[in-house]
Amino acid sequence: MNELKNYKKGNWNYATVERQSDGSLLITTHKEGQVKARKCRVKNLYQSNEEELDVESGKPITKRDKRHSLS
Amino acid sequence: MTTDYPDWSRLIQVIGSDIMIPIDIQGAYIMMPVDIQAQYVNLNIDIVAQTVGDINIDIDAQSVGIYLTADWNVLQGNAKSVVFGSSNLASFAQDYADYEVNANKTFWITQVSFEVNAYASEDADKHQMGSVYLKNQTAGIIFCQLGGNGGGAMTLTAPIKVTAGQTVRVVVTNKANHAANIVANYAGFEL
């Protein structure tokens with residue numbers, strides 16, 4: 001599942017949401033029983049102009065990148 | 001073995017592995033001592049009465065667990081905690097983050113806390129005033145608010161109930177006279 005969709009679905013127990021210098025939010029979620037936390041970065045969360053960004057670079061994820069990021 | 005009484009009533013002793021006895025008692029006074037000795041007992045009781053007197057329960061078992069709802073939900077993996085951090089927030093500026101409760105879920109918020117730290121080291125020993133509030137962004141109403149110097153915490157004895165489709169917004173405000181880092185947390189359980 002896409003990391004941002006995972007946050008929105010509430011499929012986690014613990015979430016850390018950090019405001020970044022570019023105004024985006026870095027969201028880290030963890031569900032009990034899972035080894036690794038999951039991360040996503042988003043601008044304008046829940047807004048009509050919501051945009052998912054690459055966690056490291058902060059650049060917008062293109063549609064092609066999104067297909068590859070599905071897990 | 002049965003024993004007859006002078007009034008023609010009889011003592012009944014039933015020995016069996018599967019017994020169902022539907023009983024419809026219509027009387028003014030009933031005394032029914034029951035001694036259940038079994039590995040598993042399902043006891044469904046539906047009491048419809050104007051008044052119910054004392055109910056004395058004597059549980060004598062190897063282990064009996066009674067959990068508070070919040071504790072039980074943590075045990076069941078329903079714990080929910082959101083930490084929101086905003087760095088270098090200007091004096092009297094606000095920041096927020098949203099979480100929309102998913103369909104078929106209800107989020108019960110049981111605690112709120114926040115912490116304020118100076119962004120620059122030269123402001124570290126000054127007052128670190130700040131506040132946090134939780135808002136139902138969908139309904140446009142504030143659930144609760146909390147303020148303090150350096151931070152604060154509040155345990156909600158009556159949990160906040162957020163139903164499916166409602167958005168929880170946590171809003172932090174830097175009320176210090178300098179830039180600050182503020183971290184807020186709200187937590188509870190979702191099921």
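User: What supplies the roughly counted surface that chain A exposes, about 4400 Å²?

Analyst: Of the about 4400 Å² exposed by chain A, carbon and sulfur atoms supply 48%. Accessible areas come from the Shrake-Rupley method with a 1.4 Å probe, and for residues only the protein chains shown count as cover. This is a predicted model, in which local features need pLDDT of at least 70 and side-chain atom pairs count only at pLDDT 80 or more, while totals for chains, interfaces and linings use all residues. Residues are numbered from 1 along each chain as its sequence is written, chains are lettered from A and ligands numbered from 1 in the order in which they are written, and side-chain values use heavy atoms, without hydrogens and water.

User: What share of chain A is called buried?

Analyst: Buried means under 20% relative accessible area (exposed is over 50%, partly exposed in between; 1.4 Å probe, protein chains only). Of the 71 residues in chain A, 34% are buried.

User: Which elements does chain A have?

Analyst: Two helices and four strands, running α-β-β-β-β-α from the N terminus on. Helices (H or I, at least four residues) and strands (E, at least two) are DSSP runs, numbered from the N terminus.

User: How do you know that β2(B) and β7 of chain B pair?

Analyst: Two strands pair if DSSP finds at least two bridges between them. β2(B) and β7 (residues 167-174) have seven bridges, in the antiparallel sense, so they pair. B:Ala97, for instance, has B:Val170 in β7(B) as its bridge partner.

User: Why do β2 and β5 of chain B stand at the edges?

Analyst: The open, antiparallel sheet of chain B has the order β2-β7-β4-β5. β2 (94-100) and β5 (141-149) each have a single partner strand, so one side of each is left without a neighbour in the sheet.
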